[in-house]
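Student: Please take me slowly through one part of this protein, starting from a single residue and moving on to what surrounds it. I would like each term explained when it comes up.

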Amino acid sequence: MSLFAKKPLAQILAQAADSEKGLKRTLGAGNLVALGIGAIIGAGLFVRTAAASAEAAGPAVTISFLIAAVGCAFAGLCYAEFASMIPIAGSAYAYSYVTLGEIVAWIIGWALIMEYALGAATVSIAWSEYLNKLLGGAVPYEWCHSPFEALHSVTGDAIAQITAFIPEATKSVANGVLVLSDAQFESLPANLASMVTVTNGIVNAPALIILLAITLLLIKGTQESAIVNAIIVFIKVAIVVLFIALGWQFIKPENHVPYMIPEGTPGHDGIFKHGWGGVLGGAAIVFFAFIGFDAVSTAAQEAKNPKRDMPIGILGSLVVCTILYILFGHVLTGVANYTEFKTAGKEASVAYAISTYMTGYGWLATAVTVAILAGFSSVILVMLMGQSRIFYTMSNDGLIPKAFGDLHPKYKTPYKANWILFVFVGLFAAFVPGHVAGDLTSFGTLFAFVLVSVGVWVMRMKSPEIERPFKTPLVPLVPILGAVICTGMIVAIDQRTLKFAALWMILGLVVYFVYSKKHSKLRIPNKDILPTADDFEPMK
């Protein structure tokens, strides 16, 4: 059988209709929109905005959001068509199995691990950072950072000597402590470097704690998880709107000049680090922020009326969050200069900007930190739920071990997959720096979007007669634009991340040929997936 053997659509629809053996259908359109917003507004907004601004786009990060949103809009329209037509857990993996064949489905399923599992790891790391900010640094550095991270701190009279050598470091002094970036520390001569205290991380314990709590909630049930998520979404959206409204009056026009990082700016060498190239590079960084709408598609098998509700959930959450993102990025880079985000604030950049420049609104910094903690929790929830549903579908197809598809006898949730995910994601969260996992997540997301866009076009050509409750407009133009824009953002990702991603995909192919190909139910038919008489039209 060919590597590109396709799974019959009739089998998928029959599997989706079997509510007795499968997942419970408990989610309405409102739940799905909330799931999307819950996943979208989180690390991408509160962490990646400052990172994209400082590293590549400057104040033009607003344009980066717009470019990322356009790419998402094209991909989102394609997702909406598939989700309404193929209402099953599995997202891009399931769609690719029907349209492009098993090997492509496996590749995208493997890439989605980078999107959802590593996405959850990235956000749990950010959750840990904000928790420590809220607690005033009560958690020792070594117990909330990975072994690959180090804190370079200076106290006492040494601060004056260090800042005399690195004047811009004065912005990083807080409560009598100067914190240096890795680059700043490495630039110091030996006599000054000896004055710096170096503290190495051991394990990110708070990240493990939040992952455990979310895992237990997901095992308890989908409806319970959706209710908790909806409450959290209301809180964090209210805080985002409050920051935009109050922060607007503190915008300094000079912080938006120049709007794009000029060529020749120190630390911004390379085509994707300044100018329009930097804007595209920033789009690749903030693309992590738009994962939420496709996470909605992983819940298709738990939607009450997927044909109507899935497009609403996917496109509705995307529109709401894009508007908030652009406004948020404009205010954040107007309140504080983008250059400060390289050293000051880091993952807690929003709280830093409020505390430093929004005089009289210290309470808002605390409120934002609390809201962000809650918001990150909902992102982790949706990411882990999405990944467990993809594993559930891949397991049912025989491509990964049966344990990933086992449902809890009482709660009807893929509890074993949840526990395995906790171990896998927990290892990343505890021992890998956040920026590494975050960039890999962007690659996995963009790769999925490219294949879904291509898949819609292929399905239109090969199976035009299939009922499509929601139709992507202007095919093939929209799918082509979605694939091209997302491919462009993949190219803009830094080379180190692309090398890690390539190694991950090579490992995935090894797993496929060693295990998955031999256990594929499409290749070894059994009574669970053999087509029935209902799958065929009567002979005339």
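**From one loop residue to the packed helices**

Tutor: With a relative accessibility of 25%, Tyr411 counts as partly exposed, a class that lies between buried (under 20% relative accessible area) and exposed (over 50%), with a 1.4 Å probe and protein chains only. Before we go on, note that this is a predicted model, in which local features need pLDDT of at least 70 and side-chain atom pairs count only at pLDDT 80 or more, while totals for chains, interfaces and linings use all residues. Residues are numbered from 1 along each chain as its sequence is written, and side-chain values use heavy atoms, with hydrogens and water left out.

Tyr411 belongs to the loop between H16 and helix H17 (415–431), where helices (H or I, at least four residues) and strands (E, at least two) are DSSP runs numbered from the N terminus. Although 190 residues separate Tyr411 from Gly221 in sequence, their C-alpha atoms are 5.7 Å apart in space. Once neighbours within four places in sequence are set aside, Tyr411 is in contact (heavy atoms within 4.5 Å) with Ile219 and Lys220.

A second residue to look at is Ile210, which sits in helix H10 (residues 205–220). Ile210 is buried, with a relative accessible area of 8%. Its contacts, again leaving aside neighbours within four places in sequence, are Ser124, Trp127, Ser377 and Ile380. The C-alpha atom of Ile210 is also 9.9 Å from that of Leu381, and these two residues are 171 apart along the chain.

Helix H16 (residues 362–396) packs against helix H2 (residues 29–40) at an angle of about 115°, and their axes are 7 Å apart; here axes are lines fitted to C-alpha atoms, for helices over the stretch in contact, and angles run from 0 to 180 degrees between N-to-C directions. H2 and H16 are therefore roughly perpendicular to each other, since angles under 35 degrees count as roughly parallel, over 145 as roughly antiparallel, 65 to 115 as roughly perpendicular and the rest as oblique. The crossing in which H2 passes H16 is left-handed, meaning that the near helix is turned anticlockwise from the far one by less than a right angle, whereas clockwise would make it right-handed. On the H2 side the meeting residues are Leu35, Gly38 and Ala39, and on the H16 side they are Gly375, Ser378, Val379, Val382, Met383 and Met385. Sorted by class, this contact has six nonpolar, three polar and no charged residues, where Ala, Val, Leu, Ile, Met, Phe, Trp, Tyr, Cys and Pro count as nonpolar, Asp, Glu, Lys and Arg as charged, and the others, Gly among them, as polar.

Ala39 of H2 is itself buried, with a relative accessible area of 6%. The C-alpha atoms of Ala39 and Phe290 are separated by 8.1 Å, although their positions lie 251 residues apart along the chain.

Let us turn to another pair of helices. Helix H5 (residues 91–99) and H6 pack at an angle of about 170°, with their axes 8 Å apart, and that makes H5 roughly antiparallel to H6. Among the residues that make this contact are Tyr93 and Tyr97 of H5, together with Trp106 and Tyr116 of H6. The contact of H5 with H6 has nine nonpolar, three polar and one charged residues.

Trp106 leads us to the aromatic rings. Rings of Phe, Tyr and Trp (its six-membered ring) pair if their centres lie within 6.5 Å, and planes under 30 degrees apart count as stacked, over 60 as edge-to-face and the rest as tilted. By this rule there are 18 aromatic pairs. In one of them, the rings of Trp106 and Tyr512 have centres 6.0 Å apart and planes at 40°, so the pair is tilted. Because Trp106 lies in helix H6 (residues 102–134) and Tyr512 in helix H20 (residues 495–519), this pair ties together parts that are 406 residues apart in sequence. Trp106 is buried at a relative accessible area of 1%, and Tyr512 is buried at 0%. Both belong to one aromatic cluster, formed by Trp106, Trp110, Phe424, Phe428, Trp504, Tyr512 and Phe513.
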